[in-house]
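Please look through the sequence and the model below before reading on. The paragraphs after them take up confidence, helices, charged pairs and a surface patch in turn.

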Amino acid sequence: MTRPHKRLEAWRAGMELVKKIYRETRFFPADEQYGLTSQLKRAAVSVPVNIAEGAARSTGKEFKHFLSIAQGSLSELDTLNYYSQRGWTPVRE
């Protein structure tokens, strides 16, 4: 039996996004492993995970709620990507 989320194009696109983020972050500096790299990976994984969880819920309202969470994770990724492309590093004291 195929799970409902596996039929969704948004879920499949989210899974491709996860692969891309994992590929790209291999080249990030080692000192970002527990910072930016980790945060990018968590936000990316959150997208298809929330789509899948929402698809398994029994009402459309619940599904919309989880899609909203996935959309928030995409916005987080957008901001982290913006940050990483500019080569900014956190100020350390």
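What follows is a walk through the structure, beginning with how far the coordinates can be trusted.

This is a predicted model, in which local features need pLDDT of at least 70 and side-chain atom pairs count only at pLDDT 80 or more, whereas totals for chains, interfaces and linings use all residues. Residues are numbered from 1 along each chain as its sequence is written, and side-chain values use heavy atoms, with hydrogens and water left out. The mean pLDDT (the predictor's confidence in each residue, from 0 to 100) is 90 for the protein, and 90% of its residues reach 70 or more. Among the elements, helix α1 has the highest mean, 97, and helix α3, residues 60-85, the lowest, 94. Where pLDDT is low, predicted coordinates should not be read in detail.

Helices here are DSSP runs of H or I with at least four residues, numbered from the N terminus, while strands are runs of E with at least two. Helix α2, residues 36-55, holds 20 residues and spans 29 Å from its first C-alpha to its last, close to the 28 Å expected at 1.5 Å a residue, the expected span being 1.5 Å times one less than the number of residues. Helix α2 nevertheless bends by about 25° at V47, with the proline P48 following within four residues; the bend is the angle between axes fitted to the seven residues ending at a position and the seven starting there.

Four salt bridges are found in a search of the whole structure, each being a side-chain nitrogen of Lys or Arg within 4 Å of a carboxyl oxygen of Asp or Glu. One of them joins K19 to E16 at 3.0 Å, N to O, and both residues lie in helix α1, three residues apart, about one turn of the helix. An α-helix has 3.6 residues a turn, so residues three or four places apart point the same way. K19 is partly exposed (between 20% and 50% relative accessible area, with buried under 20% and exposed over 50%, using a 1.4 Å probe and protein chains only), at 44%.

Elsewhere, E53, R57 and E62 are linked in a network of salt bridges. The closest N and O atoms are 2.6 Å apart between R57 and E53, and 3.8 Å apart between R57 and E62. R57 is partly exposed at 35%, as E62 is at 26%.

Finally, Y22, found in helix α1, makes a nonpolar surface patch of about 230 Å² with V45 and V49.

Methods
Patches are made of residues with over 30% relative accessible area and no salt bridge: like charges are joined within 9 Å, nonpolar side chains (Val, Leu, Ile, Met, Phe, Trp, Tyr) within 5 Å. Accessible areas come from the Shrake-Rupley method with a 1.4 Å probe; for residues, only the protein chains shown count as cover.
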